[in-house]
Amino acid sequence: MLNYFLPPQIEFGDGAIQNLGEHVKGFDGKKPFLVSDAGVINAGILAKATDALEASDLSYATYSDIEPNPTDISVAHGVEVYKTEACDVVIAVGGGSVMDAAKAIRFLTTHESPLEPYYADVGGVERISGDMPPLICVPTTAGTGSEVSQGSIITDTSLNTTDRWRKRAIVTPFNMSNIALLDPGITLGMPPALTAATGMDAITHGIEAYVATKYHPIAEGVALQALRMLSANIQQVYHNGEDVTARGEMLLGSCMAAFSFQKGLGAVHSLAHQLSTDAPIPHGVANAILLPPVMEFNFSHASEKYAEIARALGIDTSDMDINEAGHAAIDKIRAYNTELKMPTGLGDAGLDRKKIPKLGADAMLDHCHKFNPRACTEEDMVALFEAAF
């Protein structure tokens with residue numbers, strides 16, 4: 001028996017954030033809880049959200065103490081503020097870290113603390129109910145797609161599973177937002193480096209989902225269309241960030257790629273999740289660096305699908321056999337990394353090579369590699385870190 005969960009209501013268009021107050025009132029909300037971070041505030045984006053709420057005569061509370069890799073500590077503090085302020089709707093305005101934190105805060109407003117029993121790697125999905133306040137997500141980057149995903153990635157500080165902090169996931173269909181407001185206008189100010197990192201994050205989502213082992217033909221079709229849109233626009237938004245049409249295509253492509261990883265992800269994410277806390281390397285940058293060696297590792301188990309990915313990336317494969325087309329897809333990812341000025345390897349990005357054995361062991365604890373087309377061992381994880389170094 002298969003269960004597929006389609007995304008929430010998606011409202012897309014330049015200026016969509018102006019409808020925020022209307023949507024809060026649609027949930028009979030009286031006092032929304034805004035979750036954001038310092039970068040969004042400093043960029044003037046949160047003010048667009050608060051202006052929309054004030055125009056609808058809504059009071060609100062704001063919580064912005066969200067780290068780039070949100071911890072269970074900041075989530076717990078957010079829950080305290082939500083309850084103290086007597087809020088009734090959660091609004092996330094930010095990138096993946098903000099949206100993941102907002103999901104976890106929302107979750108703990110109705111579920112007993114701490115987060116530990118609810119993580120995916122301990123079977124937490126069975127302990128999660130849908131009794132939560134409404135959630136509206138306003139992504140400010142085009143990469144994570146957290147506005148439509150079932151996951152909330154939180155840095156666990158409890159030390160119950162390893163001797164250091166590590167990223168863990170709460171995964172449930174109830175994590176999906178009620179409304180995703182996709183406003184390309186608020187992504188115009190993203191600097192080129194952030195545009196590149198988030199764009200490669202989205203491309204990694206589409207590729208890993210398409211070759212993941214779960215049976216989900218709907219997600220496969222969405223993943224390929226997402227890759228077509230992302231590959232057609234990533235260079236344009238990197239070199240001309242004020243192109244609102246291309247920004248919109250990236251925002252929709254990111255959203256679609258995130259929906260597609262209901263099919264699963266893979267080894268890239270199991271490896272990259274370790275780097276956010278140990279290097280630290282931004283998640284999108286880690287994905288970009290790791291994607292080519294993982295694709296090479298998976299090639300014997302996914303060559304036909306990589307050939308399809310090559311076509312989605314805009315490569316003319318008419319004169320290529322399957323292997324040539326599949327390798328052309330890997331070459332295209334390497335070319336993107338060069339053009340987008342990604343670090344040449346994990347060492348260049350700041351990883352201490354001595355950490356690799358421990359990181360390889362921790363990667364095996366991450367749930368994403370379970371859907372990788374080629375089964376992974378701890379030795380494989382270490383070898384992939386070395387190959388990407």
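Student: Let me start with a single residue: is aspartate 28 buried or exposed?

Tutor: Happy to begin there. One thing to keep in mind throughout is that this is a predicted model. Aspartate 28 has a relative accessibility of 59%, so it counts as exposed, the cut-off for that class being over 50%. You will find aspartate 28 in the loop between α1 (20-26) and β2.

Student: What is special about phi of aspartate 28?

Tutor: Its phi is near 60°, a positive value in a residue other than glycine. Lysine 341 is another case: it is not a glycine, yet its phi is positive, at about 60°. Lysine 341 belongs to the loop between α11 (322-339) and α12 (346-349), and with a relative accessible area of 65% it is exposed.

Student: Which peptide bond is cis?

Tutor: Look at the bond from serine 113 to proline 114, where omega is near 0°. Proline 114 sits in the loop between α5 and β5.

Student: Now for the rings. How many aromatic pairs does a search of the whole structure find?

Tutor: Four. To read one, check the distance between ring centres and then the angle between the planes; an angle over 60 degrees counts as edge-to-face. Take phenylalanine 33 and tyrosine 82: their planes stand at 85° with the centres 5.4 Å apart, so this pair is edge-to-face.

Student: Where in the chain do phenylalanine 33 and tyrosine 82 lie?

Tutor: In distant parts of it: phenylalanine 33 is in strand β2 (residues 32-35), tyrosine 82 is in helix α4 (residues 72-84), and 49 residues separate them. Phenylalanine 33 is buried at 0% relative accessibility, and tyrosine 82 is buried too, at 8%. Ring pairs also bring in Tyr63, giving a cluster of Phe33, Tyr63 and Tyr82.

Student: What kind of aromatic pair do phenylalanine 107 and tyrosine 118 form?

Tutor: An edge-to-face one, with 80° between the planes and 4.7 Å from centre to centre. Phenylalanine 107 comes from helix α5 (residues 96-108) and tyrosine 118 from the loop between α5 and β5 (135-139), so the pair ties together parts eleven residues apart in sequence. Phenylalanine 107 is buried at 0% relative accessibility, and tyrosine 118 is buried at 9%.

Student: Which ring does the charged end of lysine 305 sit over?

Tutor: That of tyrosine 210, at 5.3 Å from the ring centre. You can inspect lysine 214 in the same spirit: it lies over the face of phenylalanine 371, 4.7 Å from the centre of that ring.

Student: Let's turn to strands. How many of the residues of strand β6 are buried?

Tutor: Five of the six, so to speak of β6 (residues 151-156) as mostly covered is fair. As a general idea, side chains in a regular strand alternate between the two faces of the sheet. Here, β6 runs antiparallel to strand β7 (residues 166-171), and six bridges join the two. To see the register, find threonine 155, which stands opposite lysine 167 in β7.

Student: What does threonine 71 touch?

Tutor: Leaving aside residues up to four places away in sequence, threonine 71 touches Ile154, Thr155, Thr157 and Trp165. Threonine 71 lies in the loop between β3 (61-63) and α4, and is buried, with a relative accessible area of 5%. Its side chain also makes a polar contact, at 2.9 Å, with the side chain of glutamate 67.

Student: And glycine 189: buried or exposed?

Tutor: Exposed, with a relative accessible area of 68%. Glycine 189 is in the loop between β8 (179-182) and α6 (192-211). Its C-alpha atom is 29 Å from that of leucine 265, which is 76 residues away along the chain.

Student: Finally, how many disulfides does the structure hold?

Tutor: Zero. A disulfide is a covalent bond between the sulfur atoms of two cysteines. The way to check is to find the closest sulfur: for cysteine 255 it belongs to cysteine 137, 10 Å away, which is too far for a bond. Cysteine 376 is in no disulfide either, the nearest cysteine sulfur being that of cysteine 368, at 11 Å. Cysteine 255 is buried, with a relative accessible area of 3%, and cysteine 376 is buried as well, at 11%.

Notes
Residues numbered from 1 in each chain as written. Predicted model: local features only at pLDDT ≥ 70, side-chain atom pairs only at ≥ 80, totals over all residues. Heavy atoms only, no water. Phe/Tyr/Trp six-rings, centres within 6.5 Å; stacked < 30°, edge-to-face > 60°. Helix = DSSP H or I, 4+ residues; strand = E, 2+ residues; numbered from the N terminus. Buried < 20%, exposed > 50% of the residue type's maximum accessible area, 1.4 Å probe, protein only. Lys NZ or Arg CZ within 6 Å of the ring centre and 35° of its normal. Pairing = 2+ DSSP bridges. Polar contact = N/O pair within 3.5 Å; in protein donor to acceptor, adjacent residues only side chain to side chain. Contact = heavy atoms within 4.5 Å. Disulfide = S-S within 2.5 Å.
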